Amino acid sequence: MDTEVAKLIESLSMLDERTMKVEFHEEIMLDLDAITLVDKCCDEFVAGRRLKRLIIAGKNTQITKEARIYGQEKSRQLKDMVIAEAVVVNSLPQKMVANFYFAFIKEFYPARFFTDVEKAKEWLLQY
């Protein structure tokens, strides 16, 4: 992971052979430049594999409108590559963003937000 991406992502790993975990740092702002860096890093990491995704938002991490729009479009492109996606949030603003995001991507793959990492992992097990 390059140094710019490392400022955004705390960890990028595989939970098992079919589940990628992306954990963001706390107190960051994901703008369009940041989200495209993260996206490129994740694309390289998965190397074309069809996987489940566990995304853990850092406390007080925020995302700009432009980055959200980019994420929605990217989800459309990844519809055949993502089995299911669980997003762990820590605040009401993050929940609101997640609800908006999921309303857009629900036709592409199963997605749900959680406030507990273990519950998110349990939910992903069904896929």
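The protein's secondary structure amounts to 5 helices and 7 strands. This is a predicted model. From the N terminus on, the order of elements is α-β-β-β-α-β-β-α-β-α-β-α. The radius of gyration is 13 Å, close to the 14 Å that the globule rule gives for 127 residues, so the protein is as compact as a globular protein of that length.

**Overall dimensions and packing**

- Taken along the principal axes, the C-alpha atoms fill a box of roughly 30 × 30 × 25 Å.
- Of the 127 residues in the protein, 43% are buried.
- The accessible surface comes to about 7,300 Å², and carbon and sulfur atoms account for 52% of that surface.
- Contacts between residues at least 6 apart in sequence were also sorted by separation: 75% of them join residues at least 24 apart.

**Strand β2 and its partners**

- Strand β2 covers residues 19–24. Because 5 of its 6 residues are buried, strand β2 is largely enclosed by the rest of the structure.
- Strand β1 (residues 9–16) pairs with β2 in the antiparallel sense, over 6 bridges.
- The connection from β1 to β2 is a hairpin of 2 residues.
- Within the pairing of β1 and β2, Ile9 has Phe24 of β2 as its bridge partner.
- Strand β2 is also joined to strand β4 (residues 51–56), by 5 bridges, and these two strands run parallel.
- In the pairing with β4, Thr19 stands opposite Lys52.
- In a regular strand the side chains alternate between the two faces of the sheet.

**Salt bridges**

- The structure holds 8 salt bridges, and three of them are described below.
- Lys74 and Asp39 form a salt bridge through their side chains, with an N to O distance of 3.4 Å. This pair links distant parts of the chain, 35 residues apart: Lys74 belongs to helix α3 (residues 65–77) and Asp39 to helix α2 (residues 32–46). Both Lys74 and Asp39 are buried.
- Glu44 and Lys40 form another salt bridge, at 3.9 Å from N to O. Both residues lie in helix α2, where they are 4 residues apart, about one turn of the helix. Glu44 and Lys40 are both exposed.
- Glu73 and Arg76 also meet in a salt bridge, at 3.6 Å from N to O. Because they are 3 residues apart in helix α3, about one helical turn separates Glu73 and Arg76.
- Glu73 has a relative accessible area of 37%, so it counts as partly exposed. Arg76 has a relative accessibility of 36% and therefore counts as partly exposed.
- Asp39, Asp43 and Lys74 are joined into one network by salt bridges that share partners.

**Thr61 in the loop after β4**

- Thr61 is located in the loop between β4 and β5 (62–63).
- With a relative accessibility of 9%, Thr61 is below the 20% limit and so counts as buried.
- Neighbours within four places in sequence aside, Thr61 is in contact with His25, Glu26, Glu27, Ile28, Leu30 and Gln94.

**Aromatic pairs**

- The structure holds 2 aromatic pairs.
- In one of them, the ring centres of Phe114 and Trp123 are 5.8 Å apart and the ring planes stand at 50°, so the pair is classed as tilted.
- A pair of aromatic rings is described by the distance of the centres and the angle of the planes.
- Phe114 counts as buried because its relative accessibility is 8%. Trp123 is likewise buried, with a relative accessible area of 11%.
- Ring pairs link Phe114 and Trp123 with Tyr127 into a cluster.

Key
Residues numbered from 1 in each chain as written. Predicted model: local features only at pLDDT ≥ 70, side-chain atom pairs only at ≥ 80, totals over all residues. Heavy atoms only, no water. Salt bridge = Lys/Arg side-chain N within 4 Å of Asp/Glu carboxyl O. Buried < 20%, exposed > 50% of the residue type's maximum accessible area, 1.4 Å probe, protein only. Pairing = 2+ DSSP bridges. Rg over C-alpha atoms; globule rule 2.2 N^0.38 Å. Contact = heavy atoms within 4.5 Å. Areas by Shrake-Rupley, 256 points an atom, 1.4 Å probe, with all protein chains shown as cover. Phe/Tyr/Trp six-rings, centres within 6.5 Å; stacked < 30°, edge-to-face > 60°.
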